[in-house]
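Trainee: Please take one part of this model and go through it closely. I would like a single connected account, with the numbers kept in.

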Amino acid sequence: MTTIPQARPMPSDDLLATLEKTGRRKSRRRTPGGVAVDIVLVVFGIVMIAPLVWLIVQSLTVPEFAFASPPSWLPIPFTFENFADVLDYMPFFQQFGNSLLLAAVSTAGALIFSILAAYAFARIDFRGSRLLLVVMLSALMVPAQLVIIPIFIMMRQVGLVDTLASLWLPALINVFQIFFLSQYFKTIPRELDEAARIDGAGHLWILFRMLVPLSAPAIAALAILGFEASWNGYFGPLIFLSSPENMTLPLGLVTLQNGFGAAPAVVVFAAITMVVLPLLIVFLAFQRQIVESVASTGLKG
Amino acid sequence: MSSDTITARRPGALLQRRRAEAAGWLFVSPAVLLFLVFVAGPFVFAIALAFLEWDLLTPPEFVGLANFEQLFTDPELPQVLWNTFVFAFASIVTHLVLGLLLALAVNNLISRSIGYFARVAIFFPFLISWAAVSLLWKYVLDPTFGYVGQYAAMLGIELPNFLADPAWALPSIIVIDLWHTVGFTFIIMLAGLQTVPSELVEAARTDGATGRQIFWNVTLPLMSPTLFFATIITFIGAFQIFDPIQIITKGGPQGSTTTIIMYLYEKGFQAFDMGYAAAVALLVFVIIMGVTLLQFIGRRRWVHES
């Protein structure tokens, strides 16, 4: 989807650490109002996670007892059968692999080209660089749906429709990343380059041995967001992919539910759970990095 | 002074200058090439397409301004644009208000465990793909399968069939979108709150300002750059809403949830009317640019610059 550039200052400390620090520093007394806020937040949190708990519970319930009224919040009677059934209806692991491959190639490829271009914009004074950057940045206002029509026609001409390449090739150019990284590189003192150059270092050494390691937090944030956008993408796969064995997981899930011989609801729920649970584990493990990448780049996928 | 101006005075400077030029273009060339093939080229191609009639099977035909004439006389388009603007407006209001309230609440929490729980519960749905979210909510709001309808029935309340009722389908999508995306707004607001200097809040408190006064006169004005950013980014995202609509309602019932990108998808990728789809896409481009520009013009009126 469209993104707009925002040269936000990178917070020196990460958001969650700041929150916890201020939390510790606060010597606030427990007021009745404070307790009310606690209760409201807990209730709101429960309402937010209720659909997810319900999802997991139904996927673990024997089909005849799932979706019962009154709603059950415990998987009784319990079964793993629905998960085994998923594999009869969709090539889950194939699609998981497709999603992983697509996200990895798009993210890594885009980052390499963005790093190279950002270095030129931040560190080399070449004629036309400013105009070039302005032209590229103005493209951020162009909605993805506008360019996807010609790209679809192009991909048809070269016979790449229904392949993952039709999705990762256009993802290799990411103007937002180029802009964000060149802004970040500019915050690193140029004197470091000069010193390295006197020692005989070339552009590639300065970029990959010095600037890239020094920009690790920014690059990690862009990698997380890029991976997330590709992993969850739906519009592109919907337009380009048609065979189940070539689909990514989001498209596979939707097809599972409305294709020919649609799967029963519990099987659909088991498949969604197989997508959501690993994500939850990854999120809980890398919560700090994920929240920080969203907060620092303010990028919506 | 940059290194180039220093070296320019030495002999052989021209050669060095040329070398810098070459290096610069060498580093940007892969990106420029990709940009031409996948952004600039398709953009020009899309504009050209809008003057053609092409179903991808028979050869394209030049039709002049016919697609634009169709755009301005399309009987379905007013409803589609209305749906899209209603969704975008509701999305901005609900996300900003709820996101800010949640950020304020979490920011003032004493209990770290409640803070952790609230943050995870509010933010995690944002990371789930729209595909999974849409399928899940289709069942949550289903009158027989879903727990919302089941609890209502136990209480003797008869709820509408949310996703099948033309009056309720779009509001339902608004609620689902809020559940999915409010975590993003919440994090942006939380980051924005950290930029409000605590000395100012303390100073106001020492001067006897009440909590409400501090919020309206200190916190909110200092948060205005964050609110501005959140407004723009929420508008751009909401105006292009597509995934949940294509998955849950397919634009129905009776066109009550057809938004502009859903319409573009129907015209371009179901009816294969590429020329008209390109014209619709250009309209989307113009509206998003126009509204964003208006917001930047209005920025001076309410955004506090430090």
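Mentor: What follows is a close look at chain B, followed by the corresponding features of chain A.

The model is predicted, and every value below is computed from it. Begin with the make-up of chain B. It has 13 helices and two strands. The domain assignment divides the chain into domain 1, residues 3–49, and domain 2, residues 67–302. Taken over C-alpha atoms, the centres of domain 1 of chain B and domain 2 of chain B are separated by 40 Å.

The overall dimensions of chain B come next. Its radius of gyration is 26 Å, whereas a compact globule of 306 residues would have one near 19 Å. Along the principal axes, the C-alpha trace of chain B spans about 85 × 70 × 35 Å. Of the 306 residues in chain B, 39% count as buried. Contacts can also be sorted by separation in sequence: among those in chain B between residues at least 6 apart, 67% join residues at least 24 apart.

One helix pair deserves a closer view. Two packed helices are described by the angle between their axes and the distance between the axes. In chain B, take helix α4 (residues 77–107) and helix α10 (residues 211–239): their axes come within 9 Å and cross at roughly 145°. The crossing of α4(B) past α10(B) is right-handed. On the α4(B) side, the residues that meet α10(B) are Thr84(B), Phe87(B), Ala88(B), Ser91(B), Ile92(B), His95(B) and Leu96(B). On the α10(B) side, their counterparts are Leu227(B), Ala230(B), Thr231(B), Thr234(B), Phe235(B), Ala238(B) and Phe239(B). Sorted by class, this contact has nine nonpolar and five polar residues, with no charged residue.

The loops of chain B hold two backbone points worth checking. Most residues other than glycine have a negative phi, and most peptide bonds are trans. Leu56(B) is not a glycine, yet its phi is positive, at about 75°. Leu56(B) sits in the loop between β1 (52–53) and β2 (61–62) of chain B. Why does Leu56(B) count as exposed? Because there are 12 other C-beta atoms within 10 Å of Leu56(B), and a residue is exposed if that number is 12 or fewer. Gln254(B), again a residue other than glycine, has a positive phi near 55°. The loop that holds Gln254(B) runs between α11 (243–249) and α12 (260–270) of chain B. Gln254(B) has 11 C-beta neighbours inside 10 Å, so it counts as exposed.

Chain B also touches chain A. The contact takes 84 residues from chain B and 81 residues from chain A. On the side of chain B that touches chain A, the largest share comes from helix α2 (residues 13–49) of chain B, with 18 residues. That side of chain B has 68 nonpolar, twelve polar and four charged residues.

Now the partner. Chain A has 15 helices and zero strands. Of its 301 residues, 44% count as buried. Among contacts in chain A between residues at least 6 apart in sequence, 76% join residues at least 24 apart. The domain assignment gives chain A a domain 1 at 24–79 and a domain 2 at 91–247 + 285–297. The C-alpha centres of these two domains of chain A lie 37 Å apart.

A helix pair in chain A can be set beside the one in chain B. Helix α4 (residues 92–123) and helix α11 (residues 216–232) of chain A have axes that come within 9 Å and cross at roughly 140°. The crossing of α4(A) past α11(A) is right-handed. From α4(A), the contact includes Ser99(A), Leu102(A) and Ala103(A), and from α11(A) it includes Gly226(A), Phe227(A) and Trp231(A). By class, the contact of α4(A) with α11(A) has nine nonpolar, five polar and no charged residues.

Chain A has backbone points of its own. Ser69(A) and Pro70(A) are joined by a cis peptide bond, with omega about 0°. Ile76(A) and Pro77(A) are joined by a cis peptide bond with omega about -15°. Pro70(A) is in the loop between α2 (32–59) and α3 (81–89) of chain A, and Pro77(A) has its place in the loop between α2 and α3 of chain A.

Technical notes
Residues numbered from 1 in each chain as written. Chains lettered and ligands numbered in written order. Predicted model: local features only at pLDDT ≥ 70, side-chain atom pairs only at ≥ 80, totals over all residues. Contact = placed C-beta atoms within 7 Å. Helix = DSSP H or I, 4+ residues; strand = E, 2+ residues; numbered from the N terminus. Nonpolar A, V, L, I, M, F, W, Y, C, P; charged D, E, K, R; others polar. Domains from an automatic or database assignment. Rg over C-alpha atoms; globule rule 2.2 N^0.38 Å. Buried ≥ 20, exposed ≤ 12 C-beta atoms within 10 Å, placed from the backbone. Axes fitted to C-alpha atoms, helices over the stretch in contact; angles between N-to-C directions. Left-handed = near helix turned anticlockwise from the far one by under 90°.
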